[in-house]
Amino acid sequence: MKFESRLQTESEMLQSASSETEARAIIQGHSTWSLKNMVSALSVMEVLNTPEENMRLRLAKQELKSRKVGG
């Protein structure tokens, strides 16, 4: 139950982020495995994604790429 409420809270935070900078800061707080799972889930049917989900997908891909280059 805690896990579901935590996910809901993070999802709400991303949706309410007023700028891409705020959303990027939220994405950077996720673990690498979490970002990989997010990219995998959001890439399955990209056509059906909302604009917020597309932004989250793009930011997650960028974050994973920066971690790969930096680490």
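**Entry 1: the elements.** Helices are DSSP runs of H or I with at least four residues, and they are numbered from the N terminus. I kept that definition beside me as I went through this chain, which is a predicted model. Reading from the N terminus on, I noted that the elements run α-α-α-α, and the tally came to four helices and zero strands.

**Entry 2: the chain as a whole.** I next looked up how much of the chain is covered, and found that buried residues make up 28% of its 71 residues. The chain exposes about 5,200 Å², and carbon and sulfur atoms supply 56% of that area. For contacts with a separation of 6 or more, I wrote down that 52% are accounted for by residues 24 or more positions apart.

**Entry 3: helix 2.** Which residues of helix 2 (residues 20-28) are buried? I found Ala23, Ile26 and Ile27. They cover an arc of only 100° around the axis, and therefore they sit on the same side of helix 2. A general point belongs here: an α-helix has 3.6 residues a turn, so residues three or four places apart point the same way.

**Entry 4: helix 3.** I then checked the length of helix 3, which has 12 residues and reaches 16 Å from its first C-alpha to its last, close to the 16 Å expected at 1.5 Å a residue. Its buried residues are Ser34, Leu35, Met38, Val39 and Leu42. Seen down the axis of helix 3, these buried residues fall within an arc of 135°, so they line one face of the helix. What do the buried residues of helix 3 pack against? I noted both helix 2 and helix 4 as their partners. On the face turned away from the buried side of helix 3, I found the exposed residues Trp33, Lys36 and Ala41.

**Entry 5: Leu42.** I picked out one residue of helix 3, Leu42, for a closer look. Leu42 counts as buried because its relative accessibility is 10%, and the cut-off for buried is under 20%. Leaving aside residues up to four places away in sequence, I listed Asn49, Glu53, Arg56 and Leu57 as the residues that Leu42 touches. For one of these, Arg56, I also looked up the spacing: Leu42 and Arg56 are 14 residues apart in sequence, and 8.6 Å apart in space from C-alpha to C-alpha.

**Entry 6: helix 4.** Does the span of helix 4 agree with or differ from the value expected at 1.5 Å a residue? Its 20 residues should span 28 Å, and its end C-alpha atoms are 28 Å apart, so the two values agree. The buried residues of helix 4 are Met55, Arg56, Leu57, Leu59, Ala60, Glu63 and Leu64. I also looked at Gln62, which lies in helix 4 and which counts as partly exposed because its relative accessibility is 34%. The C-alpha atoms of Gln62 and Gln28 are separated by 10.0 Å, although the two residues are 34 residues apart along the chain.

**Entry 7: the salt bridge.** How many salt bridges does the count come to? I noted one salt bridge, and Glu63 forms it with Arg67, with the closest N and O atoms 2.8 Å apart. Because Glu63 and Arg67 are four residues apart in helix 4, they are separated by about one helical turn. The partners fall in separate classes of accessibility: Glu63 counts as buried at 13% relative accessibility, whereas Arg67 counts as partly exposed at 24%.

**Entry 8: His30.** I went back along the chain to His30, whose place is in the loop between helix 2 and helix 3. Is His30 buried or exposed? With 12% relative accessibility, His30 counts as buried. His30 is 33 residues away from Glu63 in sequence, yet their C-alpha atoms are 9.6 Å apart in space.

**Entry 9: a patch on the surface.** Lastly, I looked for nonpolar area on the outside, and I found a surface patch of about 480 Å² made by Val44, Met45, Val47 and Leu48. One of these residues, Leu48, is found in the loop between helix 3 (32-43) and helix 4 (51-70). Leu48 counts as exposed because its relative accessibility is 62%, and the cut-off for exposed is over 50%.

Conventions
Residues numbered from 1 in each chain as written. Predicted model: local features only at pLDDT ≥ 70, side-chain atom pairs only at ≥ 80, totals over all residues. Heavy atoms only, no water. Patch = residues over 30% accessible without salt bridge, like charges linked within 9 Å, V, L, I, M, F, W, Y side chains within 5 Å. Areas by Shrake-Rupley, 256 points an atom, 1.4 Å probe, with all protein chains shown as cover. Salt bridge = Lys/Arg side-chain N within 4 Å of Asp/Glu carboxyl O. Helix = DSSP H or I, 4+ residues; strand = E, 2+ residues; numbered from the N terminus. Buried < 20%, exposed > 50% of the residue type's maximum accessible area, 1.4 Å probe, protein only. Arc of directions from axis to C-beta. Contact = heavy atoms within 4.5 Å. Expected span 1.5 Å × (residues − 1).
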